[in-house]
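Biologist: I'd like a close look at one part of this model, and then a walk outward from there. Please keep the cut-offs explicit as you go.

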There are 2 protein chains.
Amino acid sequence: MNATVNRQVLLVEKPAGKLGPEHFKMVEGAVPEPKDGEVLVRSRYISLDAANRAWMHGATYRAAVEANTVMAGGGIGEVVSSKAPGLSPGDIVFGDIGWQDYAAVPAKHMTKMPRMEPMTHLLSVYGIAGLTAYFGLLHVGKPKEGETVVVSAAAGSVGSLVGQIAKIRGCHVVGIAGGKDKCHWLTSELGFDAAVDYKTDGSLAKKLQEAAPQGIDVYFDNVGGEHLDAALAAANVHARFAICGMIDAYNSGQPTELRYLLRVISARIRIQGFLVSEYMAQAPDFYREMGALLQAGKLQSEETVFDGLDAMPEAFLGLFSGGNKGKMLVKI
Amino acid sequence: MNATVNRQVLLVEKPAGKLGPEHFKMVEGAVPEPKDGEVLVRSRYISLDAANRAWMHGATYRAAVEANTVMAGGGIGEVVSSKAPGLSPGDIVFGDIGWQDYAAVPAKHMTKMPRMEPMTHLLSVYGIAGLTAYFGLLHVGKPKEGETVVVSAAAGSVGSLVGQIAKIRGCHVVGIAGGKDKCHWLTSELGFDAAVDYKTDGSLAKKLQEAAPQGIDVYFDNVGGEHLDAALAAANVHARFAICGMIDAYNSGQPTELRYLLRVISARIRIQGFLVSEYMAQAPDFYREMGALLQAGKLQSEETVFDGLDAMPEAFLGLFSGGNKGKMLVKI
């Protein structure tokens, strides 16, 4: 990183269908000057999340990312200079700093974070991924001891934590992931009871019914589409579906086809979408419980760290081809 | 009706796609003899419900109706003879007596009903339709005063009651129905604030957004498919979707295509399927409140009564072509 040049990755145009490297472009410019109320932040780690893809799609819980602007993304940075009270040079902050070396951003949009080693934990187990897994599973899915919990994208940042927390809470846990290696990792390293490889031949609904013979009580969905449909087919009466993400729909732009939606009625299923932002008032519970579990070695935080801004588009695309394990980060 | 012949309407075969008159056949046989624990019931009124169609589809909350058996259906009948304690000749009962003149059925499957005039109220406002509207709206949808409630199949037996109860609870009520006449009836007779005709040209999502400019807080769905999708598009943050039926899916056998399912996450929508059977412990609340509203003239019970077993297949098919207004019954 050069202290006078700000490299930025722009979203060239909004993708109509499948996202590709052609939708991104690197440009260079001057390091911005913070205005009153702003801080200049130097990026340290930028988080890659499936939700970033949804931001290109249109307004969600945030405004859409427009063509020819810096690609948005949450990250951890260090304050270089400050024109705002409360933040000083050297402070570590979390916020939407975007895919760039430096960002001049309103201080009120940044959250001051503790210094910790490894710093990457601030974006994984203590970050949005951890918060999402914890509140989505416990407050939306509400699993009881002995129940069967199924999570899609189970080897991903959120899914790998959902499964581990569910195991700690005494549930029977089944993960859906792509490929033999990931499935093996889930059962051998993370303690999942079973894993379903959605990439092998055959009906996902059938494979899921075999892996969860007692039926599904809680389904934590990161994928949507065929995964959601298979979970509907295998759901028990009064099953709860915590809908966290729909990677399928973000990328295809196609409507979701559900063959088993009728089961919502006969099995009295509750499907509930959620955003982690609504649970922030209860974040202290989360930090206390996750901190204790990490310290006791009961929770693993898997991270895949890429190097440099140049690597971002390809690393991001890997999220949608099932290339990632755990939390994906880029070190700037 | 002949006292020695039992006419029955059979389901000839399970329909693969669209249901037609060719799927039904009338046969005649002897009036059955009740066994110990059974009663012989003479049918008086048989109820026609969209859910009957789902029973042909496969097991739902009851076993599927098999080919070459009497078509199942709830109805009101009079006990002719009894081999069971608790029920005597002349008693009025409700239960699944099927599409036939006489049924010999276990007494424990019948519910003794009060005699009332008109007797049809036992199948409409005091029947499953009324119970479903009341508990689905109030216990699943949970509308608050001033909120916007949208109901599909609004001119139907359940929908017409949902809208009226929501109005009484101080909500802004929009109904979706097919055709100018039904829409006019909803606003002029039943007090709906607006009605959307799904049969006119144009996007249902757009029409719904225009009719519900404040967005949807509670959506009570009887239809599924495009109706459900349009409601997702127009839903407010924290909207509640009470899923009562999916006429579209029963009849098409096709997967449901949802273009706006992603909004479940961004708007944190709760989609909840329900069966009225789960609320029967609270039925006394229902009878008290609905009885008072009816007596005070605040609630209208619309009924369309067809005449005779012969009329049943055509009358039933009318349910799916949008031909009905209010509760559909057949007088036997």
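Biologist: How many of the 10 residues of helix α6 (residues 225-234) of chain B are buried?

Modeller: First, the ground rules: this is a predicted model, in which local features need pLDDT of at least 70, side-chain atom pairs count only at pLDDT 80 or more, and totals for chains, interfaces and linings use all residues. Residues are numbered from 1 along each chain as its sequence is written, with chains lettered from A and ligands numbered from 1 in the order in which they are written.

Now your helix. Nine of the 10 residues of α6(B) are buried, so we can call this helix mostly covered (buried means 20 or more other C-beta atoms within 10 Å of the residue's own, exposed means 12 or fewer, partly exposed is in between, and C-beta atoms are placed from the backbone). The name comes from DSSP runs, numbered from the N terminus: H or I for at least four residues makes a helix, E for at least two makes a strand. The buried set holds Gly225(B), His227(B), Leu228(B) and Asp229(B), then Ala230(B), Ala231(B), Leu232(B), Ala233(B) and Ala234(B).

Two loop residues of chain B are buried as well, and both have an unusual backbone angle to check. Ala153(B) isn't a glycine, yet its phi is positive, near 50 degrees. You'll find Ala153(B) in the loop between β9 (148-151) and α3 (157-168) of chain B. Ala153(B) counts as buried because 28 other C-beta atoms lie within 10 Å. Arg268(B), also not a glycine, has a positive phi of about 50 degrees. Arg268(B) sits in the loop between α8 and β15 of chain B, and is buried because it has 21 C-beta neighbours inside 10 Å.

That loop leads us to the other chain. The contact between the chains takes 26 residues from chain B and 27 residues from chain A, where two residues are in contact if their C-beta atoms, placed from the backbone, lie within 7 Å. On the chain B side, β14 (256-258), α8 (263-266) and β15 (270-273) each supply at least two residues. β15(B) gives the most to that side, with four residues. By residue type, the chain B side splits into 15 nonpolar, six polar and five charged (nonpolar is Ala, Val, Leu, Ile, Met, Phe, Trp, Tyr, Cys and Pro, charged is Asp, Glu, Lys and Arg, and polar is the others, Gly among them).

β15 also pairs across the chains: β15 (residues 270-273) of chain A is joined to β15(B) by three bridges, running antiparallel (strands pair if DSSP finds at least two bridges between them). In that pairing, Ile271(A) stands opposite Ile271(B).

How do the copies relate? Chain B superposes on chain A by a rotation of 180 degrees with 0.0 Å of shift along the axis, at an RMSD of 0.0 Å, which means the relation is that of a two-fold axis. The same surface serves both copies, with 100% of the contact residues of chain B recurring in chain A. The fit is by least squares on the C-alpha atoms of residues with pLDDT of at least 70 in both.

Back inside chain B, there's a run of antiparallel strands to trace. β5 (residues 74-82) joins β6 (residues 92-96) through five bridges, with Gly75(B) opposite Gly95(B). β6(B) in turn has three bridges to β8 (residues 111-113) of chain B, where Val93(B) faces Lys112(B). Past β8, the peptide bond from Glu117(B) to Pro118(B) is cis, with omega near -5 degrees, and Pro118(B) lies in the loop between β8 and α2 (128-141) of chain B. Chain A has a cis bond too, joining Glu117(A) and Pro118(A) with omega about -5 degrees.

Finally, the domains of chain A, whose bounds come from an automatic or database domain assignment: domain 1 is 5-123 + 302-331 and domain 2 is 128-277. Their C-alpha centres lie 28 Å apart, and 19 residues of domain 1 are in contact with 18 residues of domain 2. On the domain 1 side, α1 (50-57) and β17 (327-331) of chain A each supply at least two residues, and α1(A) gives the most, with five residues.
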